[in-house]
Amino acid sequence: MSDATVRAPGAAGVPGKVTDAAPAARTRRWRPKGSAVVMGLYLLFLMLPIYWLLNMSLKTNAEILGTFSLWPRDLTFANYEKILTDPSWYMGYVNSLIYVVMNTVISLAVALPAAYAFSRYSFMGDKHLFFWLLTNRMAPPAVFALPFFQLYSSVGLFDTHIAVALAHCLFNVPLAVWILEGFMRGVPKEIDETAYLDGYSFPKFFVKIFMPLIASGIGVAAFFCFMFSWVELLLSRTLTSVDAKPIAATMTRTVSASGLDWGVLAAAGVLTIVPGALVVFFVRNYIAKGFALGRV
Amino acid sequence: MNKTVNQKAWFLVLPVLVLVAFSAVIPLMTVVNYSVQDSFGDNVFFWAGLEWFRDMLQSERMWNALGRQLLFSAIILAIQIPLGIFVALNMPKKGVWASVCLVLMSLPLLIPWNVVGTIWQIFGRVDIGLLGHTLDALGIPYNYTQNTLAAWITVVVMDVWHWTSLVALLAYAGLQSIPDAYYQAAKIDQASRWKVFRYIELPKMAGVLMIAILLRFMDSFMIYTEPFVVTGGGPGNATTFLSIDLVKMALGQFDLGPAAAFSIMYFLTILLISWVFYTVMTNLDRQEGPQ
């Protein structure tokens with residue numbers, strides 16, 4: 001590929017001769033072998049830091065600090081054991097999972113009817129509303145950290161799971177509405193009309209006919225709500241102290257008098273990657289659509 | 001799709017409206033409230049007008065943070081967009097390897113942001129990290145907690161690692177939508193690889209690339225967690241971006257007035273970019289045509 005790109009600007013400089021300039025004998029490969037090398041290097045670049053984290057999580061602290069090795073010489077699962085047996089550690093995961101699931105359920109429940117309305121009807125202010133939702137997805141959490149803290153403190157929700165779940169609705173509800181709307185517009189309107197002619201009521205039509213049709217969209221929206229709530233730290237850390245402390249905030253705890261407990265920190269990090277890694281396979285073909293808010 | 005006018009659709013939107021109003025409008029009004037008032041504590045507030053805004057606009061600290069932020073976003077876009085397109089062009093089109101690539105490339109996108117920070121914090125350390133250790137062994141001085149340039153490089157490489165796949169995935173989705181006939185026509189015309197890219201692939205990717213550019217700009221513009229974990233905004237203030245500075249001001253020093261004024265201006269900037277984003281999105285929908 002490289003020779004083609006180098007030569008091409010020269011060819012482009014001669015207008016009119018562009019297509020004739022290439023000798024007929026020069027056959028082009030559309031996907032040169034070079035692509036495999038490029039992809040290999042890129043994936044290596046992506047995987048190396050993750051591998052290093054995994055590597056560290058399987059070492060003892062003495063080995064991490066004492067010797068430098070590319071793989072664990074003295075394989076140990078002690079770091080994982082510590083996390084999975086110590087409640088102050090594993091409760092972090094439980095807390096995170098609780099608020100993430102709550103958030104996903106709430107987001108989808110309110111986003112489904114709204115997305116349907118946006119995809120099917122036009123009503124007063126619909127465009128403004130749709131735009132306003134988008135601004136919330138784009139809003140910097142840093143702007144909302146302090147007011148959220150005060151709002152949830154004043155209504156007595158501070159340090160509860162529901163507080164974090166509601167706070168994350170700020171960006172997840174708009175995300176879900178946009179993604180679902182993107183999927184729903186692909187369903188022909190005639191289906192709705194036929195169902196109504198057949199005497200289906202709206203709720204019955206929606207649950208029995210429409211939702212199965214956009215099942216993949218619901219799955220993708222759920223995945224993205226889950227993911228964005230799972231990766232967020234700023235708001236969840238600001239809104240919790242003890243009872244609902246997320247794993248991300250627990251991870252800052254490994255700093256003690258004796259220095260950082262690198263092994264446990266790495267193990268905790270690896271465990272936070274697991275949920276995403278487990279389900280990404282199922283949404284691999286929709287992942288671009290999800291990140292692009294249902295467009296693409 | 002032709003939409004029917006139906007004002008009752010408002011009822012379907014109502015739950016979203018109430019929920020987002022609770023989690024967005026009320027907090028935002030609190031911010032507006034703080035931005036025009038001053039307090040000596042004890043919850044006694046008095047009217048300060050636009051004083052905080054004037055202060056912030058003259059504050060060197062904010063302009064410096066904004067400058068660093070813009071530089072960061074510019075570098076990020078300059079690296080990630082071309083690299084993402086390049087990767088997308090080299091991805092296998094179908095088959096097992098396409099799936100493997102998709103899954104592996106998505107992985108960094110799904111890692112909690114503070115863990116991304118942790119990964120690079122470990123990776124870059126001279127004593128225990130692969131990157132730091134290798135550079136040190138090669139005789140290149142590298143210390144991201146002391147050296148400004150090293151800190152910047154670390155933060156930028158980290159973000160490239162974290163988000164380039166997003167650009168690549170979007171560009172890939174755009175490429176997938178090009179019918180084979182286009183390539184065949186180009187082949188008959190004996191178009192060069194560059195011509196194929198310039199006149200077939202790039203125009204077809206234009207829509208998704210706009211989305212990619214805007215998403216990357218927005219997200220890099222509000223980056224907080226990753227640099228916070230790796231460098232803590234240091235050395236000195238070298239990697240203190242807007243969000244980090246804002247959180248420092250609001251939750252660290254509890255300077256409510258200035259922080260609120262800062263927030264409002266920050267939010268208005270975001271609003272402006274969102275509007276551009278929205279216009280692009282709706283134009284894209286129209287191009288798709290009725291389905």
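**Helices and pairings in a two-chain model**

Guide: Residues 161-184 of chain A are 100% helix and 0% strand, and their end C-alpha atoms lie 31 Å apart. Keep in mind that this is a predicted model.

Visitor: What does the record say about residues 161-184 of chain A?

Guide: They appear in an unreviewed UniProt entry as one of the spans annotated "transmembrane region". Residues 130-149 of chain A are listed there too, and that span is 90% helix and 0% strand, with 27 Å between its end C-alpha atoms.

Visitor: Where does UniProt put that feature in chain B?

Guide: Among the "transmembrane region" spans, again from an unreviewed entry, are residues 70-89 and 196-218 of chain B. Residues 70-89 of chain B are 100% helix and 0% strand, with the end C-alpha atoms 28 Å apart. For residues 196-218 of chain B, the helix share is 100%, the strand share is 0% and the ends lie 31 Å apart.

Visitor: And how far apart are the ends of residues 66-277 of chain B?

Guide: The end C-alpha atoms are 21 Å apart, and the span is 76% helix and 0% strand. UniProt (unreviewed entry) labels residues 66-277 of chain B "domain: ABC transmembrane type-1".

Visitor: On to pairs of helices. Why are H3(A) and H3(B) called oblique to each other?

Guide: Helix H3 of chain A (residues 34-57) and helix H3 of chain B (residues 60-90) pack at about 125 degrees, their axes 8 Å apart. Roughly perpendicular stops at 115 degrees and roughly antiparallel needs over 145. The angle of about 125 degrees falls in neither range, so the pair is oblique. The crossing is left-handed, by the way.

Visitor: Which residues make that contact?

Guide: From H3(A) come Ser35(A), Val38(A), Met39(A) and Tyr42(A), and from H3(B) come Phe86(B), Val87(B) and Asn90(B). Sorted by class, the contact has five nonpolar, two polar and no charged residues.

Visitor: What makes H8(B) and H9(B) roughly antiparallel?

Guide: Same recipe! H8(B), residues 180-188, packs against H9(B) at about 165 degrees, with the axes 11 Å apart. The cut-off for roughly antiparallel is over 145 degrees, so this pair qualifies. H8(B) passes H9(B) in a right-handed crossing. Tyr182(B), Tyr183(B) and Ala186(B) of H8(B) touch Val196(B), Ile200(B), Glu201(B) and Lys204(B) of H9(B).

Visitor: How many residues of each class are in the contact of H8(B) with H9(B)?

Guide: There are five nonpolar, no polar and two charged residues. Glu and Lys count as charged, so Glu201(B) and Lys204(B) are the two.

Visitor: How do H6(A) and H1(B) pack?

Guide: H6(A), residues 87-120, and H1(B), residues 9-35, meet at about 145 degrees with their axes 8 Å apart, and the crossing is left-handed. The contact includes Ile106(A), Val110(A) and Phe118(A) of H6(A), plus Leu12(B), Pro15(B) and Leu19(B) of H1(B). Its residues divide into 14 nonpolar, no polar and no charged.

Visitor: Last one: how do you know that Arg137(A) and Asp219(B) form a salt bridge?

Guide: Side chains of opposite charge can pair when their charged atoms come close. Here, the N to O distance between Arg137(A) and Asp219(B) is 3.7 Å. The limit is within 4 Å, so the pair counts. Arg137(A) sits in H7 of chain A (residues 126-138) and Asp219(B) in H9 of chain B (residues 193-221), so the salt bridge joins two chains.

Visitor: How many salt bridges are there over all chains?

Guide: By that rule, eight.

How values were computed. Residues numbered from 1 in each chain as written. Chains lettered and ligands numbered in written order. Predicted model: local features only at pLDDT ≥ 70, side-chain atom pairs only at ≥ 80, totals over all residues. Heavy atoms only, no water. Axes fitted to C-alpha atoms, helices over the stretch in contact; angles between N-to-C directions. Helix = DSSP H or I, 4+ residues; strand = E, 2+ residues; numbered from the N terminus. Parallel < 35°, antiparallel > 145°, perpendicular 65-115°, else oblique. Left-handed = near helix turned anticlockwise from the far one by under 90°. Contact = heavy atoms within 4.5 Å. UniProt positions renumbered as here; feature names shortened; annotations may be inferred. Salt bridge = Lys/Arg side-chain N within 4 Å of Asp/Glu carboxyl O.
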